[in-house]
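This report describes a few local arrangements in one protein chain, taking strands and their sheet before turning to helices. The sequence and the structure are shown here for reference.

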Amino acid sequence: MRGLARSPMLTRELTTAKDLLISNQDYSEIPDVAAYADIEHQWERGYRKTLEAAISDGDCTPTHTEIVDYPKNAITFRPLARFSARDRLMYDALIFSVAGSIDRHVRKSVYSYRWDHRKRRPIFWFQPWRRMQATARRSLQADRSLRMATLDVSSFYEHIDVDILADDLACLSRSSDASKNLNRFLVSFQRINHAWGLPQGSDASGILANLYLCPVDEYLAKNEIRYLRYSDDIMIFRQDWTELRDFLGEINRILRARRLSISTQKTGIWEPEEALHRIHDVRKASLSAACDMGIPGTHVEVRQYFDEIVKEESSDTRSLRFVINRLGKLEDDYAVSWCLGNLPFIAHVAKEVFSYLSLFRGRVNEVQKRLVDFMRSGGSESYPYLEQRILRYFLVMNLRDYRMKETAWGILEDRNREDFPREFASRYLGRSASVAEAQLLRHKFEEEPSVTMRRALLMALYESSNLSSRYLNDVEEYLPQLKWVCKFLRSGPRIPVS
């Protein structure tokens with residue numbers, strides 16, 4: 001890979017990976033403690049060249065990975081891979097270097113994780129998803145006799161066979177070095193973590209997932225079967241129920257050959273009217289349009305819809321996200337109290353909930369008290385992603401609370417907790433640390449084994465105004481893994497919270 005690693009192409013792919021990683025922090029399930037400001041600052045000061053050199057040397061294995069059990073709903077989880085910045089950038093760039101070739105082999109009926117060949121970057125998910133839904137709706141409305149089969153794969157990313165994928169990549173790229181580096185990363189990812197398949201958390205993985213399902217696309221296209229696909233979410237259209245069942249049977253055999261299996265809960269054949277209802281929720285479409293146009297009285301209908309959703313025994317995640325986002329768009333605080341009272345049950349929509357809560361500065365005191373009470377009750381320990389979001393809210397809103405400070409110390413000192421809430425606890429403590437507390441933070445830094453935690457603690461020391469130039473020079477000299485953040489802090493920045 002030596003020729004490719006030093007080429008302008010890899011430089012471009014690495015830079016694209018960096019730009020997307022930073023710009024997408026607001027959409028991240030687990031945002032970075034400093035929105036990767038240190039990476040951005042040091043990118044053209046040597047960081048990018050370090051990554052290029054590593055790829056050139058074939059050093060393409062992950063160095064640090066946390067597997068986070070991130071909630072899918074109130075009771076189930078998916079394994080989210082939280083890489084170091086180095087590993088994430090390298091992984092994404094390696095995929096981007098073959099993404100154009102993959103995309104040329106993906107059928108037009110596939111809408112997910114497509115590649116913009118002109119801009120040389122992935123296309124953001126939202127518009128392709130909407131286009132697929134609109135295409136499905138037009139098909140069903142044009143022929144009211146069409147039935148629709150829906151198909152989903154059980155734990156799709158987790159059950160992708162890396163060896164089969166490696167064979168696919170080798171055939172596609174015609175470059176053994178290009179596929180070997182990516183395969184080396186994936187094999188190492190599986191061997192050193194309690195995870196398998198493709199890493200979840202990076203949209204770049206979706207590009208590889210598209211390649212893995214190409215045999216399904218090929219079967220459907222060769223048999224002139226009308227279908228649409230978004231990742232492993234497949235819709236097939238036909239008038240005859242028996243034909244649809246036979247198609248599903250053959251797809252199941254293709255999937256089984258690729259070590260995958262159909263999700264029985266999400267697979268079915270729907271009659272025309274029910275199919276159209278599944279694709280086009282008239283009520284949601286109406287509410288969304290009313291919010292966009294600012295029609296008077298819309299908030300009453302949105303509130304009514306919210307009440308109906310939360311009264312359901314098992315709230316639909318998409319509907320809950322939809323209605324919270326619409327209340328936020330209307331700047332209506334109707335759901336604030338409900339969100340605060342149900343935090344343990346809505347951790348899977350924490351991103352949307354805390355974006356919503358941050359809109360209402362007139363209710364900050366109430367929100368602050370309820371969040372502190374939740375953290376101090378001990379109920380947060382099972383929800384590290386909530387702890388991170390709560391601490392992030394306090395940082396974004398610039399809130400000082402002595403009880404939250406005590407809680408943050410408890411989180412920082414508990415090494416059995418995941419790193420990401422401990423990182424935000426560090427920054428919260430650094431913002432209001434006394435001289436004695438800063439000295440204690442320095443002690444925590446020196447005894448901390450985790451590089452990611454040391455990065456956060458160093459930023460906390462900087463924000464406490466108790467990080468001397470001498471000590472910063474010593475850290476850079478004796479802890480080379482932290483040299484980039486040291487160089488960043490030496491520039492006297494205001495560290496962002498994503």
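In this predicted model, Y230 has D233 of strand β7 as its bridge partner. The two strands concerned, β6 (residues 226-230) and β7 (residues 233-238), run antiparallel and are joined by five bridges. Together β6 and β7 form a hairpin with two residues between them, and S231, which lies in the turn, has a positive phi of about 55 degrees. Of the five residues of β6, four are buried, so this strand is largely enclosed by the rest of the structure.

The hairpin belongs to an open sheet of four strands, whose order is β6-β7-β5-β8 and whose pairing is antiparallel. At the edges stand β6 and β8, each with a single partner strand, so that one side of each is left without a neighbour in the sheet. From one strand to the next, the twist averages 20 degrees. Helix α12 lies across β5, β7 and β8, and runs at about 110 degrees to β8.

The elements named in connection with this sheet have the following residue ranges.

| Element | Residues |
|---|---|
| Strand β5 | 147-151 |
| Strand β6 | 226-230 |
| Strand β7 | 233-238 |
| Strand β8 | 268-270 |
| Helix α12 | 272-279 |

A helix pair can be described in similar terms. Helix α2 (residues 8-23) packs against helix α5 (residues 85-104) at an angle of about 125 degrees, and the axes of the two helices are 8 Å apart. An angle of this value makes α2 oblique to α5, because angles between 115 and 145 degrees fall outside both the roughly perpendicular and the roughly antiparallel ranges. The crossing in which α2 passes α5 is right-handed. On the side of α2 the contact is made by M9, E13, L14, T16, A17, K18, L20 and L21, while α5 contributes R88, L89, D92, A93, F96 and S97. By class, the residues of this contact divide into eight nonpolar, two polar and four charged.

A further position to consider is G328, which lies in helix α15 (residues 317-329). Its relative accessibility is 14%, and G328 therefore counts as buried, the cut-off being under 20%. Leaving aside residues up to four places away in sequence, G328 touches Y356 and L359. Between G328 and A347, which are 19 residues apart in sequence, the distance in space is 18 Å from C-alpha to C-alpha.

Conventions. Residues are numbered from 1 along each chain as its sequence is written. This is a predicted model: local features need pLDDT of at least 70, side-chain atom pairs count only at pLDDT 80 or more; totals for chains, interfaces and linings use all residues. Side-chain values use heavy atoms; hydrogens and water are left out. Axes are lines fitted to C-alpha atoms, for helices over the stretch in contact, and angles run from 0 to 180 degrees between N-to-C directions. Angles under 35 degrees count as roughly parallel, over 145 as roughly antiparallel, 65 to 115 as roughly perpendicular and the rest as oblique. A crossing is left-handed if the near helix is turned anticlockwise from the far one by less than a right angle, and right-handed if clockwise. Contact means heavy atoms within 4.5 Å. Ala, Val, Leu, Ile, Met, Phe, Trp, Tyr, Cys and Pro count as nonpolar, Asp, Glu, Lys and Arg as charged, and the others, Gly among them, as polar. Buried means under 20% relative accessible area, exposed over 50%, partly exposed in between (1.4 Å probe, protein chains only). Two strands pair if DSSP finds at least two bridges between them.
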